[in-house]
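The exercises below are meant to be worked through with the sequence and the coordinates open side by side. Each task is followed by a solution that proceeds step by step.

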Amino acid sequence: MTNGWFSYTNAVKILDADARLIDALDRLAGGLLLVATGGGSQLALSLFDAKGELVGLSRKLGAELGDRLRGLSRFPRTQRIAAAHTVIVVTAFFEAVAEGSRGFNVEELRLLRGEELAIAGGGGSEVSRLGHLVQRLLQMQVPCPSPALPYEIVVRDVESYYAMLGSRLLEFYAGLRWWEPMDGARKDRLRRWLTRDLPAQARERYTELFHRFGADVPEVAYWNSRIDHQATREQLDAGLRDLRRLLQSVGAGTEPRGVRDALSRLYRLALGKPILSATDLPAGVRIPSLSDAHLSLCFRLAAAGDTARPAEDQWWAEVPVREDLHAFLFGHLTHPTATRYPLLVLGQPGAGKSVLTKVLAAELPPEQFAVVRVPLREVPAEADLQAQIEHAVRQATGEHHPWTSIHETDVVAVILLDGFDELLQATRVGNSDYLERVAAFQEREVVQGRPTVVIVTSRTAVADRARVPQGSVVIRLEPFQRAQVERWLAIWNLVNGTELDTDVVLSLGELATQPLLLLLLALYDAGGEPLRREGELARGELYERLLARFARREVIKYGSRLGEAELARAVDSELLRLSVVAFAMFNRDSQWVSEEELEADLQALLPAPPASSQGFLPALSLSQLAVGRFFFVHEAQAFQDERRLKTYEFLHATFGEYLVARLTAQEVRHLVAEAELSASRARRTSPNNAFLHALLSHAPLSSRESVMEFLRELLVDLPEGKELLLGLFGDALNSRTPSAYDAYQPGRIDALRSVPARHAAYSVNLLLLLVVVCGEVSGRELFGEPEYVIARWRALARLWQSQITYNAWFNLIHTINLKRAGGGERRDVIISWIHEELPRTPNVDPYWTYGVNDRGAYAWMHDEFEPSARQLHFLCGYEEDILLHTVEPLSAELGSSVTTFAGFWPDRAVSPARALIRLWLLSSRRANPSELAAAYVECLHLSQAFAPFAERDAMQYLELVLGHLSLDGQRLRGVLHLDDVPMGSDQSQIVERVRAELTRLGFR
């Protein structure tokens, strides 16, 4: 028997075709190694019986690892590396067994040794036997590092694996003849070794072997990021060129030919083209090429699982940002799981997802990979994945190639599915199982000998609309950091001979952190009006100039002979249409809108282009006129049933939010001007607010925080708008007569706006505009009826809560502040903009709530608690149920303590229930004795506030307070006195009970 069949040397030899080793490990893999997946005590016995043959481990590496791997094509190399890692995992365990067993009676442990393992020869070719062995090793359930799995977790899983093997050995020994007579100390010692010491020792040995393996095999190091990425951080301009270099350095392949060569040449050609196709650039402006301008993006990385929420920013916030995208992609593309599950790449519009797929397609070595980039917007949406791939190849090459001819022998196919979100948005077909179908396709291809990697890109916001298969990896592309913005601007300045400053650009906020939006800013700067810092240029003013500049360029492009006045009107028309596009998304509570929906909206609100624009606009549909010429509006499309379906979305949501605010502010100013003109002519007529009502009766403006911020900037100097808006608010809930815009119905088909919901949205929007224009507005001004202000406000607030979405309601109450003013019959509310941090929980003044003027004089009871509880239960609201659930224990025992209020103090009125809860809190947290004594005095005083018919509740309440006082008596000695408690004459029984108990407890 040759020693050391499970050793580091033989793990390395797995990567070569050593005939004797193949036969030996094949026999062992068929028996010993499968202990990991089952077999019970007999396999455990076999494993330990082999110890004598496995302890003599070789330390000499027969040949350089690189020499053994050189010449292998991509997928066989990946498989052999993974199989070798399996042997290393088992090697570490056997070495720990060999080392640890020296402290035991070896002969005793070998009493039931089974048949010795023999090394068999012959049987099949060397290559086929190696392939058989590798497949056996790969089928084992042995922990393996991966690009998505932190190294610490791998080590932890490996130790758990070793603990399982140790437990099986323990189970075997417990059934041997000599186990029962063995003394307890020896049993405990062997048990500790197998279940605690052995797994830890094996883990340490695995760590040593893994580091050695990673130093010899580059892929292994990149599987778990055990490399120094300082060079990556210092050379952001390298893009993915390092990925190509790394792959070429570790793998061989075959000379590209046929369709593989044609696609590679086509994709490489794209590197020299501009990053943006534009024919109407400002004079002297040059767009950098894809190769020059593409920078390696930062990203966050996570494994798909049951708790994954990749569509939520909050979930990603817990994941660290990484800067080594090329290193991650190298590790992923060379890992076995890459051909089993798709990689999902998420990002915002303009974040660089499509550009990443273009660069990947160009940089992956065609000797190792057959790459097909599939823009999902350009292939039939209803087709299966294989048909979509073949369609993309035909579009790229002009020839039809069956999938089996595209995927040649000895290469790995890489399918880049770009724009999964476009497929979802444009077709609205349920594709929640799309990624699962992709994984099934990959599984089929591996079985057929066609290993295939699939990378899918999608907008982050729709990531929750598809199930991500367990085992998949998800990455989210991050906005540019300062170093990336600085590098990108250096490239731009070099190409164009400009001096665009990094600090100036970064002062503009999020616009500077997305690649495509950064290009937009650079084009604006190059157009003749240099960018300025945000402090010098308000955000709304910046957006106005950006949008107007691009609109002006498009108008001039088609109407160069227009005079300045006509040109200005045409630009306004462009921005008006674009604003309707923004409202189309805003009023649907969506970041995108379909072409059909947008066409219907434009027909209802702007049925024909303004007369001033006729004669120079091409024959386009209204939706095409509105968005077709603005490159910061992203057009998603897909083919379905031979029809091209489109949706539109702003590259950055704040463009749409500014346009919503812009059109709202314009219409308010227009109505104010009409009202002032009417007043000057001494014949007042109500301004026609039909267009404003059409726009603002579907969604609260507070739904998007940026909309309100833009409105404050746009309407800050319009105090004269208060009278107009108050008048509109007063009429907002009245029935409206038909208008020219009744056809405008932006609700989704399954969620059309009801009449009450439209009244609610319009009235709340008018209130928001009043707060923006005036700073604050009172209830008396809103309703004009001083005696009914609170009743009117309460009814209106309940209407809003019931008719607008929960998120819109939540945003509303966090956008405006309500201050309770006045008192008695003169109660009022003051509504203002929240401009400072408010208390977490508003303080309730029962004097104000019940309109009590005579403070500090008497107690009162609102009602029995049961009717209030039933009312809260009837509403089925989140907040109502929270409060009802909280007070339920009190209400069952002391219902009237919740609805009774004592006005014994001029500065406050208190319910007994509230005072009791405060007492419990102070007592439990060991509060200051003086503060605690004051709480007891308050509760004892409040026990006299109950109504005569609630005497039972009063006595139960008092017994709770006195019972608690007996527990705190020692703490309150010398602090609480009998005379501190006010004693009335109405509740003689209660007063007597208080006096008697305080005296008994020693309080004088």
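**Exercise 1. Determine which residues Trp488 contacts beyond its neighbours within four places in sequence, and place this residue in its core.**

Solution. In this predicted model, once the neighbours within four places in sequence are set aside, Trp488 is in contact with Ile275, Ala293, Leu295, Phe480, Leu518, Leu519 and Ala522. The next step is to widen the view to the largest nonpolar core, which has 188 residues and in which Trp488 belongs, with Val372, Leu417, Ile475, Leu701, Leu711 and Trp800, to the members that touch the most others. Helix α27 (residues 564-586) supplies the largest share of this core, namely 12 residues. Apart from this core lies another one, of 42 residues, including Ala927, Leu932, Leu965 and Phe1003. As background, nonpolar side chains tend to be buried together in soluble globular proteins.

**Exercise 2. Describe how helix α43 (residues 951-968) packs against helix α41 (residues 912-924).**

Solution. Begin with the geometry: the two helices pack at an angle of about 15 degrees, and their axes are 12 Å apart. Angles under 35 degrees count as roughly parallel, and α41 and α43 are therefore roughly parallel to each other. The crossing in which α41 passes α43 is left-handed. Turning to the residues, α41 contributes Pro912, Ala915, Leu916, Leu919, Trp920 and Ser923, which meet Tyr957, Leu960, Val961, His964 and Asp968 in α43. Sorted by type, the residues of this contact comprise 8 nonpolar, 2 polar and 1 charged.

**Exercise 3. Carry out the corresponding analysis for α43 and helix α44 (residues 988-1000).**

Solution. Here the packing angle is about 10 degrees, with the axes 11 Å apart, and that makes α43 roughly parallel to α44. On the α43 side the contact is made by Glu951, Ala954, Met955, Leu958, Glu959, Leu962 and Leu965, and on the α44 side by Gln989, Ile990, Arg993, Val994, Glu997 and Leu998. Classified as before, the residues of the contact of α43 with α44 divide into 8 nonpolar, 1 polar and 4 charged. Leu965, which takes part in this contact, is also one of the members of the core of 42 residues.

**Exercise 4. Decide whether Val321 and Asp589 are buried, partly exposed or exposed, and describe the setting of each.**

Solution. Val321 is found in strand β2 (residues 321-322), and at 36% relative accessibility this residue counts as partly exposed. With residues up to four places away in sequence left out, Val321 touches Cys298, Phe299, Arg300, Glu478 and Gln481. For Phe299, 22 residues away along the chain, the separation of the C-alpha atoms from Val321 is 5.6 Å. Asp589, by contrast, sits in the loop between α27 and β8 (593-594) and is exposed, with a relative accessible area of 57%. The backbone of Asp589 deserves a further step: although Asp589 is not a glycine, its phi is positive, at about 50 degrees. Most residues other than glycine have a negative phi.

**Exercise 5. Establish how many residues of helix α18 (residues 353-363) are buried, and set the result beside the figure for the whole protein.**

Solution. Helix α18 is mostly covered, with 8 of its 11 residues buried. These buried residues are Lys353, Leu356, Thr357, Val359, Leu360, Ala361, Ala362 and Glu363. Over the protein as a whole, 53% of the 1004 residues count as buried, and the secondary structure comes to 44 helices and 16 strands.

Methods. Residues are numbered from 1 along each chain as its sequence is written. This is a predicted model: local features need pLDDT of at least 70, side-chain atom pairs count only at pLDDT 80 or more; totals for chains, interfaces and linings use all residues. Side-chain values use heavy atoms; hydrogens and water are left out. Axes are lines fitted to C-alpha atoms, for helices over the stretch in contact, and angles run from 0 to 180 degrees between N-to-C directions. Helices (H or I, at least four residues) and strands (E, at least two) are DSSP runs, numbered from the N terminus. Angles under 35 degrees count as roughly parallel, over 145 as roughly antiparallel, 65 to 115 as roughly perpendicular and the rest as oblique. A crossing is left-handed if the near helix is turned anticlockwise from the far one by less than a right angle, and right-handed if clockwise. Contact means heavy atoms within 4.5 Å. Ala, Val, Leu, Ile, Met, Phe, Trp, Tyr, Cys and Pro count as nonpolar, Asp, Glu, Lys and Arg as charged, and the others, Gly among them, as polar. A nonpolar core is a set of buried Ala, Val, Leu, Ile, Met, Phe, Trp, Tyr and Cys residues joined through side-chain atoms within 4.5 Å. Buried means under 20% relative accessible area, exposed over 50%, partly exposed in between (1.4 Å probe, protein chains only).
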